[in-house]
Amino acid sequence: MELPERPHPLLNRRAFLGHSATALSGMALSQLLNRDGLLAAGVSSKSPIRPSIDPANPNAVRATHFRPKAQQVLMIFCAGACSQVDTFDYKPELIRRHGQPMPGGEKLVTFQGAQGALNRSPWEFRPRGQSGKMISDLVPRVGALADDLCFVHSLTGKTNTHGPGENFMNTGFTLDGFPSLGAWTTYALGSANENLPAYVAIPDPRGAPQTSGNCWNPGFLPAAFQGTDFNATKPLRNLARPSRIDLGTDRATREFIAKINRHQLEGYPGDTELAARISSYELAARMQLSVPEVCDLSTEPEHVLRLYGADAKGDRTQDIKAGYARNCILARRLIEQGVRFVQLFNGAYQVGGEGTSNWDGHKVLKDQYTVHGEIFDQPTAALIIDLKQRGLLENTVVVWCTEFGRMPTFQAGASGRDHNPSGFTGWLAGAGVRAPFSYGATDEFGYRAVEKVTTVYDFHATILQLMGLDHERLTFYHNGIERRLTDVHGEVLSEILA
Amino acid sequence: MKPTPSNDWPIRKLMGPLLRSIGLGALVTRVILSHAADLPSAVDRPVDFERDIRPIFQARCLECHGADKQRGGLRLESRSFLLKGGENHGPAVVPGKGADSVLLRAVAGQIPDLQMPPKGERLTPSEMALVRAWIDQGAVWPGGQVHQHWALRPVIQPAVPRTPVDLPEPSTPVDAFLLSSLGEARLAMNPRAERRVLIRRMYQVVLGLQPSDSEVEAFVRDPRPRAVELMVDRILSNPRYGERWGRHWLDVVRYADSNGFETNRERKTAYPYRDYVIRCFNEDVPYDRFVREQIAGDALGVDLGTGFLVAGAFDLVKSPDINLTLMQRQDELADIINTTGTAFLGLTLGCARCHDHKFDPVSQKDYYALQAVFAGVGFGDRTLQVSLAPKQEMELVRVRNEVASARKEIDALRARQERAVSTKSTRPPVSAGLNVEEFPAQEVMGVRFQIHASSSSSEPGIDELEIFDTRGINVALAGPGVRVSASGTLPGYAIHKLEHLNDGHPGNQHSWISDTPGRGWVKIEFSTPHKIQRIVWSRDRGGQFKDRIATDYVIEGSWDRDVWKPLASSADRKPLVSEDPNAFITQLSPEDQIRARGLLEVVQGGQDRIQQLTSGPSVWLGTFSQPTNVHRLYRGEPLQPREVVGPDAVAVLGSLGLKADAPERERRLRLAEWLTRPDNPLVTRVLVNRVWHYLFGTGLVDTPSDFGANGGRPTHPELLDWLADDFVRNGWSIKRLQRQILLSRAFQQSSSPRDDGLRADAGARLLWRFPPRRLEAEAIRDSILAASGALDLRMGGPGFHLQIVEEDNVYRYFPKESFGQPEFRRMVYLARIRQEQDSVFGSFDCPSGNQVISRRTRSNTPLQALNLFNSTFVLQQADLLAERLRIEAGPEPVRQVDLAFRHAFGRVPDRLEQEASVALVNQSGLPALCRALFNTSEFLFVF
């Protein structure tokens with residue numbers, strides 16, 4: 001595999017030496033040496049680290065920057081922007097001032113326009129777990145796990161529109177075209193299980209999220225680090241032997257290809273790209289065995305299916321819930337198999353009208369969230385319970401997040417909430433995470449982050465930190481820039497680390 | 001010149017004191033100035049900047065006034081920065097006037113609160129004396145400004161190195177440079193590749209397709225000494241060429257056929273730009289012209305070029321939230337600026353959006369100067385301005401002439417009519433308000449008002465008709481002895497009744513309106529005679545309505561109510577000026593009316609045709625409007641505007657010389673001209689290197705879009721410059737440049753690896769062999785189609801789809817599972833959807849169209865293997881190839897295998913291959929072999 005636009009360090013230095021007559025070139029030299037990490041150890045702690053990728057096995061396990069607290073990531077993403085004030089961000093003042101205008105709210109122009117009055121959540125909040133964390137009745141089963149969760153209540157975003165918001169949380173940039181968090185992670189670390197994709201994205205049963213492949217695309221990273229997307233009902237495309245090809249033919253064809261390729265390689269000893277091509281076919285063959293195996297939920301016992309709600313049926317909502325539950329089980333199985341990064345989606349692109357297929361509750365929040373909560377709560381809670389009881393949370397960090405938050409007010413003339421990037425909630429659980437814990441806070445209504453204000457960059461930096469990666473050093477050179485997941489921002493939220 | 005690395009990298013902290021000590025170590029004495037008024041006199045000798053001044057700046061100034069930090073907004077790493085000065089004190093130097101220069105006065109402590117450097121030791125008197133002398137002598141900064149960086153220096157034609165005389169094969173100037181570096185590394189070039197390999201490589205690299213079996217055989221057997229040259233000329237004039245190189249360009253300009261973001265709607269009108277690009281490459285449009293068309297094609301008669309500006313993603317979701325709207329606009333402009341910078345200049349201009357560039361001499365002001373150039377560019381569909389074929393051009397001239405002469409004739413008729421009217425017309429035209437008719441007093445028993453035409457085609461109306469006798473009494477006012485009648489009255493309106501005609505209440509609310517369009521009469525009869533001399537009438541004295549005015553009328557009086565004699569008429573009134581310029585026609589004689597109407601038809605028809613000829617289809621292109629002022633934005637924040645910045649180029653490379661309020665189009669045109677000046681060192685080097693990159697897989701500079709301080713250095717700087725210089729001298733012809741490289745030994749040598757080469761230069765950057773590499777997604781797909789014989793070579797037009805498109809507010813795309821002729825076109829014609837890669841070939845590092853991609857990554861992944869091995873598309877092509885083989889080779893497996901290898905690899909199999917292949921065919925059938933061949937490395941690689 002070839003990485004793009006990577007200056008040849010030797011040639012750069014040689015070229016430099018030819019120009020070193022002036023004093024300033026000395027600086028250029030140090031810069032080059034520094035960038036390549038060639039200066040003596042200890043000179044610089046922030047020089048970029050570009051992982052060295054073996055073309056024949058791009059997802060081979062690679063070293064972390066320092067001792068990691070987690071080995072794997074499970075990211076659960078709610079498309080459509082899930083409201084913090086109806087789920088995890090309890091605000092007694094919002095209940096008390098229900099129906100009153102929000103101070104300054106009349107001047108606010110949010111995504112869809114003007115604000116109505118403050119509106120308490122239609123769901124009651126109750127203390128949960130030993131910690132007594134107040135969590136709403138919309139997500140009671142996830143709420144019951146409060147003692148295992150670490151909430152970040154003071155997240156802030158850079159945009160209040162879905163596409164850029166979804167890009168931002170998944171890739172660290174609001175624009176299209178940047179590598180996803182999962183792509184960065186697998187680019188840095190590879191994956192323990194060579195027979196499965198290193199990075200799997202599991203779309204919601206209703207379809208892809210709002211910016212679709214942006215959420216798991218490699219951006220300018222090599223295609224090897226693209227998320228492979230499949231879920232419990234839609235298998236990995238082109239994985240299975242085509243039905244019209246019998247097993248014998250398939251095997252004979254595969255063997256023939258290997259033979260011809262090896263024959264060809266005889267004339268090209270030492271060519272890494274040709275060798276990589278051959279090994280990609282070997283890897284593919286192994287994936288053909290192991291992916292169907294990991295996707296085969298028929299071996300899951302009845303009580304597990306029930307725990308997740310995979311047995312749900314009766315109406316459309318229950319069908320979707322069962323589908324999402326099966327995706328949750330698939331996520332656990334992938335984590336169990338050592339897949340480095342699993343990205344699980346709840347909610348899809350906009351279909352059937354605003355807020356129907358995802359958490360975009362602008363106008364009829366109560367009706368829509370009743371459905372979304374029903375689909376989300378039990379399977380998600382079961383997933384965490386299951387991971388925990390299998391000991392998988394010891395090595396896996398679970399991250400729950402969404403595009404941005406929603407307003408504590410209802411929109412003028414409507415019974416739902418507009419977009420709000422000024423303050424919203426995400427949570428983490430599992431390896432290396434301090435729990436129970438709540439970090440940061442929004443104001444008295446849940447509108448704006450006011451305590452320990454945090455950015456998506458910080459959130460990302462912290463996830464990389466848990467994985468043993470320094471977000472300032474993990475880079476990829478593209479079009480003249482040492483690109484980072486966190487651009488030029490981000491600080492690790494060390495308070496939330498265990 | 002880059003003085004320091006990023007402050008993220010603590011190396012600077014280590015190097016700083018070191019350099020400082022070097023700077024100070026040479027000093028003999030250190031004297032602290034006793035009081036501020038002292039300015040040391042200048043040294044009495046010529047000052048050399050590099051020797052005398054740069055070290056001082058380096059050691060004492062740049063830590064705070066360099067690329068990292070700009071205290072007070074001041075930078076000291078170029079003359080232009082010095083001349084610009086900081087935020088508060090104006091220019092830092094006034095060339096020739098050291099004593100007046102802020103720089104010297106600040107280091108001398110002459111400016112209160114501005115002692116420089118603020119911390120640490122001051123400059124010594126001898127240092128100050130040098131600085132003063134340097135400024136007095138004109139502040140000469142050698143190399144113009146910052147041009148220490150190789151890429152910014154002028155391109156100067158280097159001498160071609162001499163090559164050893166004992167070379168077995170003739171070599172080109174390109175080889176001379178390469179052999180010279182190889183010689184230094186004690187490496188040799190490989191021998192020439194065999195013809196079979198060579199023609200395949202040429203086709204794959206230059207056309208993105210493998211040659212047909214017959215093309216291979218013809219070339220292999222071509223006995224002419226110039227066979228290779230002729231083959232190169234053939235492929236360069238093959239239309240497939242533009243499709244291949246057009247695709248490369250589309251990568252660079254982040255082209256795609258959907259808008260991206262959340263809605264990701266299809267951009268169905270973008271493809272004309274793609275076709276234009278393909279055409280330009282095929283026609284070898286000189287690159288300087290091509291570049292100008294990208295930036296300002298609308299000013300050059302090549303409107304389609306401006307598709308470049310808006311080819312990137314575009315967020316359709318708009319909001320009343322001003323923060324969002326402003327940031328979206330900033331992002332749009334950043335996309336245009338970034339793409340311009342990376343595509344043409346190889347500079348990462350986008351870095352300067354929030355702060356001065358850390359590595360390259362691009363200031364934040366430069367960024368906003370470029371934003372001012374593009375600030376009037378909008379995204380959207382608009383009507384294409386077309387340029388015409390000669391035949392149409394002639395027709396356009398003819399039609400325009402016809403229209404002009406018809407107009408002239410109509411004008412003549414109008415003038416004649418107006419003259420005729422004006423000779424007999426003395427009274428003012430009728431009006432909606434008061435119209436007064438005066439005549440010699442006479443006794444009448446009645447008055448009749450006959451209307452023959454009205455100012456609108458509708459029924460005429462009169463709100464009040466007054467008839468004054470010689471005493472000045474209105475004898476028409478309703479009362480005993482006054483009787484009114486009319487031809488008819490508009491039915492159904494209480495406000496329009498006949499009795500309102502003389503009720504003493506003028507105004508539309510109390511008016512009479514005829515029931516006949518354009519015509520009607522009213523009559524007022526008296527029971528006793530009245531001696532009258534004046535009549536006053538109006539349409540609407542209220543001033544509200546100006547329609548329905550009687551324009552052609554006669555007012556008559558009668559003594560006996562039997563014989564009516566005219567009292568007054570419209571005949572001596574000037575015509576009412578109508579809104580319809582052609583209304584005069586009704587006044588013409590019948591023959592002239594026919595003539596005039598004929599002329600009008602000529603004008604109308606001609607105008608329609610001109611419209612047809614000159615306005616093209618609706619296309620996704622740059623839209624343009626005059627922008628308002630552009631401000632530098634503090635940290636790139638739209639709500640933190642600072643000073644106004646006028647349109648300009650990157651200062652270190654020159655200026656556009658535009659006024660701050662220059663017209664929008666002129667801004668882009670000037671930038672386009674500036675980019676393509678032959679002495680712009682970047683544009684030519686970047687292009688020549690791109691071509692090299694696409695031919696060899698790696699450029700002479702391996703960062704094709706970054707020629708800045710942080711990018712790669714050229715492996716062969718002289719060769720790069722020689723090519724760039726030659727390129728400009730020969731009319732910016734890309735095909736000529738490619739021909740030069742394709743005819744080199746370097747390109748034509750074998751790709752076989754050698755131990756010595758692999759050891760010394762594994763990546764073959766020195767070109768001791770032709771470096772083999774995997775084909776790109778498009779070339780793989782096109783080659784499969786070519787091998788199976790299914791390839792459809794129709795060019796241009798709307799893209800084909802590999803996805804089923806679900807059109808809603810948000811567009812969704814689902815992979816197709818069956819394919820036919822429409823999907824068998826070359827992949828450059830695929831409707832490229834952002835975020836949604838083709839399910840088979842997208843995984844071969846296909847760019848998403850969101851970022852400038854000047855060098856694709858090249859992965860080999862299991863997903864690619866699965867897609868090639870199992871996809872419906874490839875299986876179908878395997879069947880088609882098998883069918884083709886059966887038809888062409890007959891039923892015999894040996895012959896089928898032979899031909900299969902020819903179609904797939906351009907050669908016959910060796911013995912091992914043949915045995916294995918025949919065995920596979922016998923065991924699993926011919927389609928199994930075809931499926932396998934599409935999956936072999938030989939099929940997927942350039943060797």
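**Exercise 1.** Determine the handedness of the crossing of H25(B) and H26(B), and classify the angle between their axes.

*Solution.*
Step 1. In this predicted model, the crossing of H25(B) and H26(B) is right-handed. A crossing is called left-handed if the near helix is turned anticlockwise from the far one by less than a right angle, and right-handed if clockwise.

Step 2. H25 spans residues 872–889 of chain B and H26 residues 893–905 of chain B; helices are DSSP runs (H or I, at least four residues), numbered from the N terminus. Their axes come within 9 Å and cross at roughly 120°. Axes are lines fitted to C-alpha atoms, for helices over the stretch in contact, and angles run from 0 to 180 degrees between N-to-C directions.

Step 3. H25(B) and H26(B) are therefore oblique to each other (under 35 degrees is roughly parallel, over 145 roughly antiparallel, 65 to 115 roughly perpendicular, the rest oblique).

Step 4. H25(B) contributes Leu881(B), Leu885(B), Glu888(B) and Ala889(B) to the contact, and H26(B) contributes Arg895(B), Gln896(B), Leu899(B), Ala900(B) and His903(B). Contact requires C-beta atoms, placed from the backbone, to lie within 7 Å.

Step 5. By class, this contact of H25(B) with H26(B) holds five nonpolar, two polar and two charged residues (nonpolar: Ala, Val, Leu, Ile, Met, Phe, Trp, Tyr, Cys and Pro; charged: Asp, Glu, Lys and Arg; polar: the others, Gly among them).

**Exercise 2.** Describe the side of chain A that touches chain B.

*Solution.*
Step 1. The contact involves 86 residues of chain A and 97 residues of chain B.

Step 2. Elements giving two or more residues to this side of chain A include helix H1 (9–18), helix H2 (23–35) and helix H7 (247–266). The most, ten residues, come from H7(A).

Step 3. The residues on this side of chain A comprise 39 nonpolar, 36 polar and eleven charged.

**Exercise 3.** Assess the confidence of the prediction for the complex and for each chain.

*Solution.*
Step 1. The predictor assigns the complex an ipTM of 0.85 and a pTM of 0.75.

Step 2. Chain A averages a pLDDT (the predictor's confidence in each residue, from 0 to 100) of 90, with 91% of the residues scoring at least 70. Residues 4–44 of chain A have a pLDDT below 50.

Step 3. Chain B has a mean pLDDT of 89, and 94% of its residues reach 70 or more. Residues 1–37 of chain B lie below 50.

Step 4. Where pLDDT is low, the predicted coordinates should not be read in detail.

**Conventions.** Residues are numbered from 1 along each chain as its sequence is written, chains are lettered from A and ligands numbered from 1 in the order in which they are written. Local features need pLDDT of at least 70 and side-chain atom pairs count only at pLDDT 80 or more, whereas totals for chains, interfaces and linings use all residues.

Note on methods: Two residues are in contact if their C-beta atoms, placed from the backbone, lie within 7 Å.
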